[in-house]
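Visitor: I would like to learn how to read a few features of a model like this one. Please give me the general idea each time, then the case at hand.

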Amino acid sequence: MSVDVRDAVLWVLIGSSLLINPILMGVYCGRRHLQPIAPRMPLTTIVVFLALWIGVLSNAAGQIGGILPCWIANFVSSFASSIGTVGYTLRCGVLSLQCRIARAKLRTITPHHQTRGASAGVDPDASAFSAIPVDPSSGDSQDDGPALDRAPLSRADQWFLDHQWMTTRAFFVPFWASILVPTLAMAVFSAASDPATWGPCLKTPLATLVAQVWAVPWNLLIVFFSIRLVVCVDGFYIKRELLSVAGLSVVLLVGYLISGQVAYYLITYKNLIIATYITLQIDMFVVFLMPIALSYTTFSNQGSDDILPVTLDAFLDRGDKTLVQAFAEFLCREFAVENLQFLLAVRAHARRFPSAMRRGKRWKSQTMTKVPIDADDTCRLLSPAEAELADEASSIYNMFIASGAPLEINISGDDKDRISNRIMFDAAPSADIFDDAVRQIRSMLEFGAFHRFLRSEDGRRALQSG
C-alpha cells in the first residue's frame, strides 16, 4: 500500500467519522433516559468515546502534513486516548459491579418455602416478600403476617452492598484526581518526542514503550471486567456489548504489542493508526447503535398507554410469592429489583394500619407513651402500636429512601425531601407517607419493566397460572 493510499484512507476515516459519530452520540444522548440506554451510564459513555475519538482523530491528523504540528497532535492524542481508555475501563468495572450489586439486592430477601397462614387470610404483600433484612442472630421475627425465612447474605454479597459507593462520585472524584497528574505527564512526554515537525508525526521508541506500559494494564482490566460480567444475567444486553468490545480490545492490543517495537517507523505507525481508527469505529457502532436500536424495538413500549392484561397492583394482590419471585428475578436482570422490594414493603406497612389511621385519623389507645416533639418539651401521646409503625416507617426510609441507602430507589429530590422531613419531625407518620414515592415507582414499573415482563415467557406463564 502506497503512502498516498494510506493518506486517502485516513481522510475517508476522518470525514466519515465527523459525519456519523456526532449523530450516533446525539441520538444516544437524546434517548439516555430510556431502556436499555439508561443503565449504561450514557453521559459517561459519551464522554469516554468522545475522548477516544479525539485521540485517534488527532493521531490521524498528525499523519497528514500541514494539519497539526506534531507536538500538538502527540499531546492531544496521548492525553485524550489515556482519558478515554481509563474512563472506559472504569465504566466496565462499574457495570460489572452494578450487576453483582443487583444480585446481592435480590438476595436480601428470601421467599419461605412453606408460607404459614396462606389459607388463613395472611396479607398477600407480607407473605410474598419482606424487603427489610433482619439480622438472623437477633432473633427478631414478624408474627403479624410475614412468614419468611431471611437467609444471611454471603460475605461477597454483603461486600457488594457495603461498597455501592464505588459506583458514585465518592469514588470517581478522588480516582480521577489521582489519575490526572500521570496522564498529563505522559502527554507532555509524548509531545516532546517529536516537537519540531508538521507531519507525518512519529514517536520515539521510548515514547512508544511508555505508551504501551500505560495502555496495556488498562486494556487487560477491560477484558477482566468483561469476563467477570459473564456470571451475570442482564436483560439489557450489557454483557454482550462488553464482551464484544473486550474482544476487539484484545485484537487491537495484540497488534499494538507486535508492531510496537517498530512503531516509530512511518510505514508501521501509519498502518497501526488506520487499524486503531477502524477498530474504534466498530466499537462505537456496538456501544451506541445496538442500544439505540433496542430502544426502538425490544424496549419500544416505554411510556406506552397500552392497556395491560393485568395491572401491577392486581398482579401483586394475587399473593403468589412464586410469581412475585419470577418478577423479582426479571427486575434483577434489569438492575431494578429494589423498586419491587420497596412497593412490597410499603404495601405491607400500610396494611398494618387500622382503617381509621388509613383515613388520616388519630389512632387512640388507652396505653400511651410520651414522645417529645419540639424544643419546648411539649409532648404528644403515642400508643405502642403507633410507635412500632413509626419505627417500621423509619426502617423503610433508611432502607430505600435515604441517600446511600442499601436499596436506594430513584425518586425526585422533592419527594425525597418531603418524606425525610416527615420521618424526622412527625412523631407518628401516617399511612400515606410514602404515597408520592409509590406513585413514581409504580408508574415507572407498570409501563416499563412490568410491561416487558408480561410479554416475556415468565410473564405469560404468570398470567396463565392466574
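Visitor: Which side chains meet R351 and D317 in a salt bridge, and how far apart are the N and O atoms?

Guide: A salt bridge is counted when a side-chain nitrogen of Lys or Arg is within 4 Å of a carboxyl oxygen of Asp or Glu. In this predicted model, the side chains of R351 and D317 meet each other at 3.2 Å, N to O. R351 belongs to helix α12 and D317 to helix α10, and the two residues are 34 apart in the chain.

Visitor: Is R351 buried, exposed or partly exposed?

Guide: Buried means under 20% relative accessible area and exposed means over 50%, with partly exposed in between. R351 has 40% relative accessibility, so it counts as partly exposed. D317 is partly exposed as well, at 37%.

Visitor: Which residues are joined with these two into one network?

Guide: Salt bridges with shared partners connect D313, D317, R347, R351 and R442. Within this group, D313 pairs with R347 at 3.2 Å, N to O. That pair links helix α10 (residues 312–317) to helix α12 (residues 337–351), across 34 residues. D313 also forms a salt bridge with R442, where the closest N and O atoms are 3.3 Å apart. R442 is in helix α16 (residues 435–455), so its bridge to D313 in α10 ties together parts 129 residues apart in sequence.

Visitor: How do D313, R347 and R442 read on accessibility: buried or exposed?

Guide: R347 is buried, with a relative accessible area of 15%. D313 is partly exposed at 27%, and R442 is partly exposed at 25%. The structure holds 14 salt bridges, including the ones described here.

Visitor: How many cavities are there?

Guide: A cavity is a space where a 1.4 Å probe fits but cannot get out. The count is 1 cavity of 30 Å³ or more, and the largest cavity holds about 800 Å³ of space. Its lining has 38 residues, and the closest to the centre are S81, T85, A215, L252 and T276.

Visitor: What kinds of residue make up that lining, and which helix gives the largest share?

Guide: The lining divides into 22 nonpolar, 14 polar and 2 charged residues. Helix α7 gives the largest share, 8 residues. Helices that supply at least two residues include α3 (70–106) and α7 (205–228).

Visitor: What does the UniProt record say about residues 71–90 and 209–231?

Guide: The unreviewed UniProt entry annotates both stretches, among others, as "transmembrane region". In the model, residues 71–90 are 100% helix, with end C-alpha atoms 28 Å apart. Residues 209–231 are 87% helix, with end C-alpha atoms 35 Å apart.

Key:
Residues numbered from 1 in each chain as written. Predicted model: local features only at pLDDT ≥ 70, side-chain atom pairs only at ≥ 80, totals over all residues. Heavy atoms only, no water. 1 Å grid on protein atoms, 1.4 Å probe; cavity = no way out; pocket = protein on both sides within 12 Å on 5 of 7 lines; lining within 4 Å. Points joined across faces, edges and corners; volume = space filled by probe spheres on them. Helix = DSSP H or I, 4+ residues; strand = E, 2+ residues; numbered from the N terminus. Nonpolar A, V, L, I, M, F, W, Y, C, P; charged D, E, K, R; others polar. UniProt positions renumbered as here; feature names shortened; annotations may be inferred. Buried < 20%, exposed > 50% of the residue type's maximum accessible area, 1.4 Å probe, protein only.
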